[in-house]
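Walk through this structure one element at a time. Begin at a single helix end, then move outward to the chain contact and the barrel.

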Protein chains: 2
Amino acid sequence: MYRPEIRVVDCSIRDGGLINQWQFSDEFVRATYQALSAAGVDYIEIGYKASQGLFDPQKFGKWRFCNDDDVRRVIDGVESTAKLACMVDIGRVEEKDIVPVAESPFKMIRVACYVRDVAKAIALCNMIMDKGYETTVNIMAVSTNHEREIDEALADLSQTSIPIVYVVDSYGAMYCEDITLLVNKYREALPGKTVGIHTHNNRQLAFGNTIQALINGANMLDASVYGIGRGPGNCCLELLLSFLQNPKFKLRPILELIQKQYLPLREKIEWGYIIPYMITGMLNEHPRVAIAFRDSPERDDYVKFFDMLTTPEPEKQIQK
Amino acid sequence: MYRPEIRVVDCSIRDGGLINQWQFSDEFVRATYQALSAAGVDYIEIGYKASQGLFDPQKFGKWRFCNDDDVRRVIDGVESTAKLACMVDIGRVEEKDIVPVAESPFKMIRVACYVRDVAKAIALCNMIMDKGYETTVNIMAVSTNHEREIDEALADLSQTSIPIVYVVDSYGAMYCEDITLLVNKYREALPGKTVGIHTHNNRQLAFGNTIQALINGANMLDASVYGIGRGPGNCCLELLLSFLQNPKFKLRPILELIQKQYLPLREKIEWGYIIPYMITGMLNEHPRVAIAFRDSPERDDYVKFFDMLTTPEPEKQIQK
């Protein structure tokens, strides 16, 4: 499939950092940036921006903060046409943390929010756009919202100049018919704007759902190297690039990056198709309970986990 | 999704045996049969039937042959409403190997063939049906055939009483639009017959493509426990059962089977999302070259494998 409007956003470091508190080495981040640039990826999201003091720098690596100096050091000297991006959460960043785009290594700042916070996201995006950045709103966990709530949020967004709005399957709960419904809904409610798609792989549908979204007209596609990302991870960048058949994308640098950097990392931290995440995806639940379970000595007792989440006794419910 | 006509076929032992030459222990096969029966799976395909003498019993385990005595021993005493199935290849089984259904533990014998062998498959199916069995034709590798060839094969099949014909994505090369085209084609060409779907997971699309096929009207769905199967494996049974929302299917026995039997096995033999299989899927090629590569000391040199399959020098081509 080839469509020239399509833009690919790699979020390996940002979403992958949710696994290891963004404690990637500079060498790892630089190798990722280098390979993604060689592969022709349009946007590289290198972490979250957050106000100093909100997170303990002893516990969180530097890609939780994305200080401009740290960013400049890892990208220094690398030839790249990719635009650098970072993400911000509502309430975790202040205006003073965002310098004008001319002084920043970043070109795009994406805003993640829940449906209930769309008004706050719009205000934050307006500030970000005023400083000269591209921006997006990524409405998380919409698989848990009623359509009425989503429609209201989209109506609000349609009144703004925010150019890109994402369908985000935070819990990896959706399948192709859900994707079609939402992408069509977003496109109808947001004329003139680009619709994006960000998927999770709980049920091995991240790539399939991304294809479905692009068939339905989504033009901003998130992916990550070897699918790195919290829990089951994301749509694999290597699958997406090989599918898009756009000559500007090169698969080979990504394969080299996987074998040299991501395979060794995968030995130390885990992501991918793992049954407890399949179960939270199937139940349309946040993966946090699966993450905690995978950190316990019972990590492979799938039956116990399944019973814990599906047995309707009151005392079991509380454990959730 | 719920549709009462849907039948699920587990092919864990049959397709999984392609990894380890069907050298599963009786205990493993019995545990699989027990759990699949408890889960409410409709058909359990326990191996291939083949004429004695065609394969060395020193090298191939008993599920390459499926002698009735071996089969009866592992299922003895297990409560089950599932129908037992096996597969036969064209030219690897003779009429004398197929006893009348009343004397056999099997209820269904499936025939796998390439498009060019459909006439032979029809003859074999007729013999199988004459002996009282249910049967299917599984046309392999159709991603490599021109539509004209497929249309001819379907026209021949439409003249028979064979009740079920499968779309088989042997190379894991298809995505949803290919599936829709083929399932619609099969349904139109084969009025009154059931269309089946058998997928491979090279590009993490096995489950998504199975969903697409069932949306398009396929009612016979293949899957395997934890996706076990040659190379990248198949559609995961646990994903499929959790999706179908039919109260006759139970997920819990499959989760228990995975944690007790399939996780330990996965430590010894490999299947799943592995880059060389992703590359053969992307290139619409047989996985044999990836299987050989994974057996070599360079197994994780993905760049070398990619170059080997995509560099157009004559001497490289020959290695393929």
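Q245(B) comes right after helix α8(B), and its phi is positive, near 55 degrees. The model is predicted, so that angle is a computed value.

Now step back into the helix itself. α8 of chain B spans residues 237-244 and is mostly covered, with 6 of its 8 residues buried. The buried set is L237(B), E238(B), L239(B), L240(B), L241(B) and F243(B). A glutamate, E238(B), is thus listed alongside leucines and a phenylalanine.

What do the buried residues of α8(B) pack against? Within chain B, their partners are β1 (7-10), α2 (26-39), α7 (206-215), β8 (220-223) and α9 (252-268). Chain A adds α10 (275-282). The helix therefore packs against elements of both chains.

That leads to the contact between the chains. Chain B gives 27 residues and chain A gives 27 residues. On the side of chain B that touches chain A, the elements giving two or more residues are α7, α8, α9, α10 (275-282) and α12 (302-310) of chain B. α9(B) provides the largest share, 6 residues. By class, this side of chain B has 16 nonpolar, 5 polar and 6 charged residues.

Stay with α9(B) and look across to chain A. Packed helices are described by the angle between their axes and the distance between the axes. Helix α12 of chain A, residues 302-310, packs with α9(B) at an angle of about 150 degrees, and the axes are 8 Å apart. Angles over 145 degrees count as roughly antiparallel, so α12(A) is roughly antiparallel to α9(B). From α12(A), the contact uses Y302(A), V303(A) and F306(A). From α9(B), it uses R252(B), L255(B), E256(B), I258(B) and Q259(B). These residues divide into 5 nonpolar, 1 polar and 2 charged.

Turn now to the strands of chain A. They form a closed barrel of 8 strands, in the order β1-β2-β3-β4-β5-β6-β7-β8, with parallel pairing. On average, neighbouring strands are turned by 25 degrees against each other, direction ignored.

One pair shows the pattern in detail. β4(A), residues 108-113, and β5(A), residues 134-139, pair in the parallel sense over 6 bridges. Within that pair, I109(A) has T135(A) of β5(A) as its bridge partner.

Last comes a helix against the strands. α1 of chain A, residues 12-20, lies across β1 (7-10), β2 (43-48) and β3 (83-89) of chain A. Relative to β2(A), α1(A) runs at about 35 degrees.

Key. Residues numbered from 1 in each chain as written. Chains lettered and ligands numbered in written order. Predicted model: local features only at pLDDT ≥ 70, side-chain atom pairs only at ≥ 80, totals over all residues. Buried ≥ 20, exposed ≤ 12 C-beta atoms within 10 Å, placed from the backbone. Helix = DSSP H or I, 4+ residues; strand = E, 2+ residues; numbered from the N terminus. Contact = placed C-beta atoms within 7 Å. Nonpolar A, V, L, I, M, F, W, Y, C, P; charged D, E, K, R; others polar. Axes fitted to C-alpha atoms, helices over the stretch in contact; angles between N-to-C directions. Parallel < 35°, antiparallel > 145°, perpendicular 65-115°, else oblique. Pairing = 2+ DSSP bridges.
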